[in-house]
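Visitor: I would like a close look at a single part of this protein, set in the context of the whole chain. Please take me through it in one connected account.

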Amino acid sequence: MEEKRKQLLKEIGRFLIIGGLATLVDYIIFYLCTYLFFSGLEIELNKILSTFFGFVAGLIINWIFSASFVYRYEKKTTKKQLLIYIALCVFGLLLTELGIYLAMPLYDKLYITIIVTFDFWQLFFKCLMTLIVLVLNYLGRKYLIFNK
């Protein structure tokens, strides 16, 4: 029993490492899209597109490393597993987009100045949605995709 617990903790640790890398990519792409590529668009469209492109970039990183590094899945992945992964991703993306969209009225409420001015609520809700989707992704991948 103790060995299974250690293996689970190691797996969660690997998931968090890859999740952290994917989240970093997500946030970088989100930031670049928000303030560089889509800065001329209306705020709602800017946030939705920026969230989409960041999220997709992070998911690509996650898929590349999930099977071999996180779950130590030694079999070849199937089309069915890929379709389940895509379905989980779409669900997570829709949940993230919904959270970001519903939080938009709060964006103008609080600004913090540290070297540069940024919108605290935008970052807060992006992080909150990331945490929610992180848990759902781990459970979904572990039990629906890479279940040994």
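What pattern does the protein chain follow, read along the sequence, and what can be said of helix α1 in particular?

Guide: This is a predicted model, in which local features need pLDDT of at least 70 and side-chain atom pairs count only at pLDDT 80 or more, while totals for chains, interfaces and linings use all residues. Residues are numbered from 1 along each chain as its sequence is written, and side-chain values use heavy atoms, with hydrogens and water left out.

Along the sequence the protein chain follows the pattern α-α-α-β-β-α, where helices (H or I, at least four residues) and strands (E, at least two) are DSSP runs numbered from the N terminus. Helix α1 covers residues 2-37, and its end C-alpha atoms are 50 Å apart, which agrees with the 52 Å that its 36 residues should span at 1.5 Å a residue, the expected span being 1.5 Å times one less than the number of residues.

The buried residues of α1 (under 20% relative accessible area, 1.4 Å probe, protein chains only) include Phe-15, Ile-18, Ala-22 and Phe-30. Glu-11 also counts as buried, at 10% relative accessibility, and its side chain meets that of Lys-142 in a salt bridge of 2.8 Å, N to O, the rule being a side-chain nitrogen of Lys or Arg within 4 Å of a carboxyl oxygen of Asp or Glu. Because Lys-142 lies in helix α4 (residues 120-145) and Glu-11 in helix α1, the pair ties together parts that are 131 residues apart in sequence. Lys-142 is itself buried, with a relative accessible area of 18%.

Key:
Buried means under 20% relative accessible area, exposed over 50%, partly exposed in between (1.4 Å probe, protein chains only).
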